[in-house]
Amino acid sequence: MPVHNAEIAQTLNEYADLLEIEGANEFRVRAYRTAARNISNLPQSVAEMISNKEDLSGIPGLGKDLASKVADIVNTGKLPQLEELKEKLPPGLIEITRLAGLGPKRAGALYQKLGVTSIEELEKAAGEQKVRDLAGFGTKTEQRILEEIGRRDKLEGGQKRYQLSVIEEVAQSLLAHLKKVDGVKKAAIAGSYRRRKETVGDLDILVTHKRGAEVMKRFVEYEDVDRVVSRGDTRSTVVLRFGVQVDLRVVPEVSYGAALHYFTGSQAHNVAVRKMGVKQGLKINEYGVFKGDDRIAGKTEEEVYAQVDLPYIEPELRENTGEIQAAQKGELPQLVSLQDIRGDLHAHTRATDGRSTLEQMADAARERGYEYLAITEHSKHVTVAKGLDARGLAEHTEKIDRLNENLDGIVLLKGIEVDILEDGSLDLPDDILKRLDLLVCAVHYKFDLPADKQTERVIRGIDNPYPTILAHPTGRMIGERDPYQLDMERLMKAARETGCALEINAQPARLDLTEVHAKMAREMGIPIAISTDAHSTHELDFMRFGVYQGRRGWMEPDNVVNTRSLKDLKKLLSRK
DNA sequence: GCCGTTTTCGGCCCGACTGTTTTCAGTCG
């Protein structure tokens, strides 16, 4: 089993954590973290690069030393230096640094002075009031440690992240509350929410006001606030009853653009932009761009970028994964937007496991301004969803034909979400499939096949003469189910050869392809369908989450098949 | 440990809040 990029990144991060506790040079620690982040953002497999004898030093942040350490991880599954360090420092200390208010320095001190190696031992030491006597600690810190450990026990699985769709409502009500405060001119949700990451760990909200204290008062009094973590005039942090942490920053209006840029992140993007500023003798912070003591920009984000000779960069691209270089070369993608979408290519009705009728789905699609909607019921193998057999499908498509005759302003396409069976064959016979406008192919069982078998299965599934879209290609469900083992590079090469499109499934729990794979598909020139997989009329609105994911994958309208008119779509989906 | 339109050595983004401190370290984002 090849070592995945995520595992390499995890190993490097673990080593960085322990180095930090050991008190290593902070820039050395940072180098490991940068390398880990860049590797996890890499579309191609590092293990494969090594087996192809490719040079790893092309990866940003990887010099000679780290390249050889990464090779060790790939070849042996382990980093010898990490194993050595683990002998010296108990890995349980890393868990201690995850407690709010405790970092590497304090975890190191607890170990050196009190011999604490785990959360349990820390709880005991704090309970016996041994912690308060350590230099740099006191009664309040000791108390907080006990509180944080108690809180941690109540949480399942540690740091929780929320799906964008789940956090949206919470975030928008809080934002509306803050906008109503007298004197607030501008307000926005920044952070990973604004970058439209598939999950969000906390909320960063920015407002402009002349007197921060007034906003802060209203913020901590908000009805959903469970507890206040910190409170100042320009920055406060609370935790909502819902469990999510919210940071609020207040800046004067003249700093809005600089602050919005800063709080939108990502951190890596900000660091890169600030470094560009430093080279030009500028200081960039959340209050503006400064030359000496003079603020020379900061009212808008465009101004900030202009000072370092960059065009505006869309929030979804700000991950320091090549967007700055692309901006310098004038090669930023013109990202696809919701307005570009002209139809939905994956939807269910009551005929199988959907909750709306054909007519309702057609009306709802037309209301959203679409030209077409593909009806793609499950095939017979998915019995729990009442999947259609050949006869059921024939009857259903006749119904669609009749309905189409009476429909105005919208066309229903006849499709199927046909199961790819374990051997790679399709769940329905060719004579019925060939009568359809398009096939959406998908895997719905036997998720646990080994990578080579699973890859062969899917490739065989999409290797057919019909217009085909591979739905939710990796099968992952965020926070619930891992992607199945699949060689994505091989799969994408096959998709390119067979002319199969890949789906970005817009269900908030799927968002599959991931952003990394979406970007890879774009680079390989594989067409993408952004589809909702709607099981009811209101789920057609999930389209925006798919579009966000596409934008994070650098998708332009041309990369997305359902930005086409019906006529062009049919041309595009037909096989060469 | 990485990196170079000031550098192959000497830098490495920047600021707010808390608790422990009499001026700052640690943590966090």
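This report walks through two sheets, a pair of helices, a cavity and a pocket in a predicted model.

First, some ground rules. Because the model is predicted, local features need pLDDT of at least 70 and side-chain atom pairs count only at pLDDT 80 or more, while totals for chains, interfaces and linings use all residues. Residues are numbered from 1 along each chain as its sequence is written, chains are lettered from A and ligands numbered from 1 in the order in which they are written, and side-chain values use heavy atoms, with hydrogens and water left out.

**The five-stranded sheet**

Let's start with the open sheet of 5 strands, which has the order 2-4-7-6-5 and mixed pairing. Helices (H or I, at least four residues) and strands (E, at least two) are DSSP runs numbered from the N terminus, and two strands pair if DSSP finds at least two bridges between them. Strand 2 (187-189) and strand 5 (225-231) each have a single partner strand, so one side of each is left without a neighbour in the sheet. On average, neighbouring strands here are turned by 20 degrees against each other, direction ignored. For angles, axes are lines fitted to C-alpha atoms (for helices, over the stretch in contact), and values run from 0 to 180 degrees between N-to-C directions.

Inside this sheet, strand 6 (residues 235-240) and strand 7 (residues 245-251) are antiparallel partners over 5 bridges. V238 has V246 in strand 7 as its bridge partner. Helix 12 (residues 212-220) packs on the sheet and touches strand 4 (202-208), strand 5, strand 6 and strand 7, with its direction at about 160 degrees to that of strand 7. Contact here means heavy atoms within 4.5 Å. Helix 13 lies across strand 2, strand 4 and strand 7, and runs at about 175 degrees to strand 4.

**The three-stranded sheet**

Next comes an open sheet of 3 strands in the order 8-9-10, with antiparallel pairing. Its edges are strand 8 and strand 10, each pairing on one side only. Neighbouring strands are turned by 35 degrees against each other on average, direction ignored. The two pairings look like this:

| Strands | Bridges | Opposite residues | Hairpin link |
|---|---|---|---|
| Strand 8 (residues 283-285) and strand 9 (residues 288-291) | 3 bridges | N285 and G288 | 2 residues |
| Strand 9 and strand 10 (residues 294-297) | 3 bridges | V289 and A297 | 2 residues |

In the turn between strand 9 and strand 10, G292 has a positive phi of about 60 degrees.

**A cavity beside strand 8**

Where is there enclosed space? The structure holds 1 cavity of 30 Å³ or more, and the largest cavity has a volume of about 40 Å³. On a 1 Å grid over the protein atoms alone, a cavity is a set of points where a 1.4 Å probe fits but cannot get out, while a pocket is an open set with protein on both sides within 12 Å along at least five of seven lines; lining residues have an atom within 4 Å of a point. Grid points are joined across faces, edges and corners, and a volume is the space filled by probe spheres set on the points.

The cavity is lined by A258, H261, Y262, N270, V273, R274, I284 and N285. Helix 13 (256-264), helix 14 (267-279) and strand 8 each supply at least two of these residues. By class, that's 4 nonpolar, 3 polar and 1 charged. Ala, Val, Leu, Ile, Met, Phe, Trp, Tyr, Cys and Pro count as nonpolar, Asp, Glu, Lys and Arg as charged, and the others, Gly among them, as polar.

**The second largest pocket**

The second largest pocket holds about 350 Å³ of space. It has 22 lining residues, and D353, H378, H444, R510 and H535 are the closest to its centre. The lining splits into 8 nonpolar, 7 polar and 7 charged residues.

**Two helices side by side**

Finally, the axes of helix 20 (residues 451-462) and helix 21 (residues 488-498) come within 10 Å and cross at roughly 10 degrees. That makes the two helices roughly parallel, a label for angles under 35 degrees. From helix 20, D452, T455, E456, V458, I459 and I462 meet R490, L491, A494, A495 and T498 of helix 21. This contact has 6 nonpolar, 2 polar and 3 charged residues.

Methods: Parallel < 35°, antiparallel > 145°, perpendicular 65-115°, else oblique.
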